[in-house]
Amino acid sequence: RADFYVDELAEIAGVGKPQLRKLFKKEYGVTPTQHLIDMRMTTAAHLLDEGHMSISEISCYVGYDDVFYFSRLFKKRFSLSPREYRQR
């Protein structure tokens, strides 16, 4: 899915994917894929704070069918698992 995101951005910007990655990283300090992951994790954190959805529902909502992969990315971003984040 992240490749699709990069493809779309490159098309909108009218540049190739390698050029987009280079320009994006120069401007924002992260790759487009990392930016997408950051946006998803930020959204997940807000949903965990609200407490209305299960972790697996949040995982799917932000674009990850594999809840274990989602949990690994979340822990990498926040140094807490989704469950630990919700309980804090």
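User: What makes the span of helix H5 close to the expected one?

Analyst: Helix H5, a DSSP run (H or I, at least four residues, numbered from the N terminus), covers residues 67–78 and has 12 residues. The expected span is 1.5 Å times one less than the number of residues, and H5 reaches 16 Å from its first C-alpha to its last, close to the 16 Å expected. This is a predicted model, in which local features need pLDDT of at least 70 and side-chain atom pairs count only at pLDDT 80 or more, while totals for chains, interfaces and linings use all residues. Residues are numbered from 1 along each chain as its sequence is written, and side-chain values use heavy atoms, with hydrogens and water left out.

User: Which residues of H5 are buried, and why are they said to line one face of the helix?

Analyst: Phe70, Leu73 and Phe74 are the buried residues of H5, where buried means under 20% relative accessible area, exposed over 50% and partly exposed in between (1.4 Å probe, protein chains only). Seen down the axis of H5, these buried residues fall within an arc of 100 degrees, so they line one face of the helix; the arc is taken from the directions from the helix axis to the C-beta atoms. An α-helix has 3.6 residues a turn, so residues three or four places apart point the same way. On the other side of H5, Phe68, Arg72 and Lys76 are exposed.

User: What do the buried residues of H5 pack against?

Analyst: With contact defined as heavy atoms within 4.5 Å, the buried residues of H5 pack against helix H3 (32–50), helix H4 (55–61) and helix H6 (82–87).

User: Why is the pair of Asp38 and Arg77 called a salt bridge?

Analyst: A salt bridge requires a side-chain nitrogen of Lys or Arg within 4 Å of a carboxyl oxygen of Asp or Glu. The side chains of Asp38 and Arg77 meet at 3.6 Å, N to O, so the pair satisfies that cut-off. Asp38 lies in helix H3 and Arg77 in helix H5, so the pair ties together parts that are 39 residues apart in sequence.

User: How many salt bridges does this rule give, and what is the N to O distance between Lys17 and Asp7?

Analyst: The count comes to 3 salt bridges, and one of them joins the side chains of Lys17 and Asp7 at 3.2 Å, N to O. Lys17 lies in helix H2 (residues 17–28) and Asp7 in helix H1 (residues 2–13), so this pair ties together parts that are 10 residues apart in sequence.

User: Why does Arg88 count as exposed?

Analyst: Arg88 has 57% relative accessibility and therefore counts as exposed, whereas Asp49, with which Arg88 forms a salt bridge, counts as partly exposed at 47%.

Definitions and conventions: Helices (H or I, at least four residues) and strands (E, at least two) are DSSP runs, numbered from the N terminus.
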